[in-house]
Amino acid sequence: MTAVKTGLNRRDFLRGTAWMGVAAVAAGCRLNRLGFGEGGVMQDYALKPMKRVRVGFVGIGSRGTAAVHRVSMLPGVEIVALCDKKPERVALNQNWLKANKYPVVPKPYVGEEAYKNLCDLGDCDVIYCATPWALHQPVALRALLGGKIPFVEVTSALTVDECWELVEASEKHRIPCMQLENCCYGEMELLGLHLARLGMLGEIIHGEGAYIHDLRVVCSTGGKNGEWEWRYDENMKHKGNRYPTHGLLPIMQAMDINRGDAFDYLVSLESKQANCENYRRYAMDADDPRRNDPVMEMGDMNTTLIRTKRGRSIMVQHDVSSPRPYTRVNLLSGTKGIWWGMPWRTYEPEPTVFKVGFEQEVGKGVHRFMKDADAEALREKYAHPLWKKVGEIAQKVGGHGGMDFIMDLRWAYCLQNGLPLDMDVYDLAVSSCLCELTETSVRSRSKSIDIPDFTRGAWRTAKPQGIADIDIARMPMGDVRRDEAALNV
Ligand SMILES: NC(=O)c1ccc[n+]([C@@H]2O[C@H](COP(=O)([O-])OP(=O)(O)OC[C@H]3O[C@@H](n4cnc5c(N)ncnc54)[C@H](O)[C@@H]3O)[C@@H](O)[C@H]2O)c1
């Protein structure tokens with residue numbers, strides 16, 4: 001398949017750098033930005049240790065409110081500001097904190113544009129953004145310009161240009177910018193990462209991830225009271241995978257994408273739309289005006305294939321409208337074995353002469369999965385150290401089986417101890433840019449599309465990430481309401 005060359009973009013011209021792109025085309029190179037933003041590469045970049053991390057929230061609907069609850073439990077972290085366009089969302093969260101005797105009274109920021117004031121002038125270190133998708137990048141960019149660390153819900157940016165803006169601002173201002181990809185901290189995803197790091201899968205050649213979640217009630221209608229109108233609008237207008245990160249980021253980490261390998265190009269193919277249309281017809285009230293809306297652009301199933309520069313492949317799927325059980329698939333296939341996380345399974349071991357991976361004889365056992373009890377034992381034996389340490393507490397706190405809390409605990413730990421965050425702005429950019437690129441591919445008969453190298457070559461020398469862990473003793477207990485007792489450690 002031939003690769004479609006990405007055209008020069010508006011910002012290249014505005015910056016007077018269009019000639020660089022033209023020169024690159026003439027030389028047969030990719031049309032990626034040349035040179036780093038003023039500050040240099042952000043991989044493994046860490047800020048000075050922060051004893052107290054002050055957080056301002058933007059967007060406290062259902063996801064943001066859950067995050068307020070979790071973050072209120074983090075030792076050494078203070079919620080100092082709450083921002084939403086709706087005053088009732090700010091009041092609800094303020095009342096919750098008050099009722100739970102939170103010692104800080106967060107400053108309210110109310111209104112459509114109030115986030116700008118918070119990002120520019122707010123007295124905080126972190127902006128934690130859980131707004132609708134279209135606002136993620138503007139909030140993150142504003143936060144960087146205002147000298148604050150953006151933590152941004154998925155998907156963090158919707159176009160290639162938006163991704164470049166975040167990369168350049170993060171580099172220029174020397175401030176990390178992290179996508180809040182909680183699925184990297186799920187028990188299964190951590191197990192897969194651990195097996196990969198231990199070398200038990202051998203060289204990982206192929207990965208599969210997905211977001212398959214029957215959300216017809218949200219995605220076909222925008223919710224009973226229009227509360228997810230924004231998501232309905234996105235689905236009405238767009239094809240492609242607008243929510244690629246849950247399945248993709250854990251695979252990226254295990255495959256060392258941006259740290260030894262990089263995305264090269266993708267092809268994306270989408271089915272027609274049938275399930276949302278059926279849902280409208282059979283489940284919506286007869287007088288609901290939505291029944292007369294045009295057919296939704298979003299197909300039921302989007303399948304995207306990515307080829308990496310080192311010749312590996314990844315499949316990412318998105319389906320939020322088919323009647324089928326939830327899965328992120330979570331598959332890593334290597335030269336020694338396979339990890340298949342959702343549902344958890346692996347091969348049946350055989351007594352063997354030539355052993356690979358999980359003790360499997362070459363060519364044998366290929367029609368069987370490992371017995372449940374053995375698979376469980378393996379799961380326990382190779383559990384990631386982070387999960388072993390805080391998995392139980394995290395499950396008590398909750399949030400998608402505990403992974404949300406582990407994610408929050410980990411960024412707090414990294415900032416407090418002067419460590420690089422687990423996900424950097426390049427991870428954000430190269431995963432989020434798939435929104436635009438998958439749509440382009442789908443709309444051009446699945447032609448292959450180049451994926452920009454946001455690291456501009458730094459992926460060749462960046463070291464693979466280590467095993468993320470936490471030493472609870474190195475978190476400043478006691479200076480906020482929640483202490484060791486509250487965390488139950
Ligand atoms: N990582 C995960 O597992 C996960 C799970 C659920 C949702 N999400 C993501 O979280 C985000 C929020 O989802 P949600 O379900 O909470 O949506 P929601 O509609 O319930 O909440 C969005 C909130 O943003 C507020 N908002 C809108 N415009 C604003 C503005 N200009 N300024 C300030 N606030 C504004 C809304 O009033 C609302 O309170 C989405 O990006 C979604 O994809 C992630």
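**Exercises on backbone geometry and the ligand site**

Val329 lies in the loop between strand S11 (313-319) and strand S12 (331-334). The model examined in these exercises is predicted.

**Exercise 1.** Determine what is notable about the phi of Val329.

*Solution.* Begin with the general expectation: most residues other than glycine have a negative phi. Next, inspect the residue: Val329 is not a glycine, yet its phi is positive, at about 65 degrees. The loop between S11 and S12 is the place to look for this residue.

**Exercise 2.** Locate the cis peptide bond that involves Thr155 and the one that involves Pro343.

*Solution.* As background, most peptide bonds are trans. Step one concerns Val154 and Thr155, which are joined by a cis bond with omega of about -15 degrees. Thr155 belongs to the loop between strand S6 (149-152) and helix H7 (160-173). Step two concerns Met342 and Pro343, where the connecting bond is cis and omega is near 0 degrees. Pro343 is placed in the loop between strand S13 (338-341) and strand S14 (344-345).

**Exercise 3.** Describe the residues around the ligand and identify polar contacts, taking a pair of N or O atoms within 3.5 Å as the criterion.

*Solution.* First, establish the shell: 26 residues surround the ligand, and the closest are Arg63, Asp84, Glu112, Trp133 and His136. By class, this shell holds nine nonpolar, nine polar and eight charged residues.

Second, apply the cut-off.

- A side-chain N or O atom of Trp133 lies 2.8 Å from a ligand oxygen.
- A polar backbone atom of Glu112 is 2.9 Å from a ligand nitrogen.
- For Lys85, a backbone N or O atom is 3.2 Å from a nitrogen atom of the ligand.

Third, consider the cover: the ligand alone exposes 840 Å², of which the protein buries 90%.

Fourth, assign the shell to elements. Helix H3 (62-71) and helix H6 (133-145) are the elements that give two or more residues. The largest share, three residues, comes from H6.

**Exercise 4.** State which pocket holds the ligand and characterise its lining.

*Solution.* The ligand sits in the largest pocket, which contains about 1,200 Å³ of space. Its lining comprises 44 residues, and those nearest the centre are Ser62, Arg63, Ala130, Trp228 and Trp230. Two or more lining residues come from each of H3, strand S3 (77-84), H6, helix H10 (229-237) and helix H15 (403-416). H3 gives the most, with five residues. Finally, sorting the lining by class yields 19 nonpolar, twelve polar and 13 charged residues.

Methods. Residues numbered from 1 in each chain as written. Predicted model: local features only at pLDDT ≥ 70, side-chain atom pairs only at ≥ 80, totals over all residues. Heavy atoms only, no water. Near = heavy atom within 4 Å. Polar contact = N/O pair within 3.5 Å; in protein donor to acceptor, adjacent residues only side chain to side chain. Areas by Shrake-Rupley, 256 points an atom, 1.4 Å probe, with all protein chains shown as cover. 1 Å grid on protein atoms, 1.4 Å probe; cavity = no way out; pocket = protein on both sides within 12 Å on 5 of 7 lines; lining within 4 Å. Sits in = over half its atoms within 2 Å of the grid points. Helix = DSSP H or I, 4+ residues; strand = E, 2+ residues; numbered from the N terminus. Nonpolar A, V, L, I, M, F, W, Y, C, P; charged D, E, K, R; others polar. Points joined across faces, edges and corners; volume = space filled by probe spheres on them.
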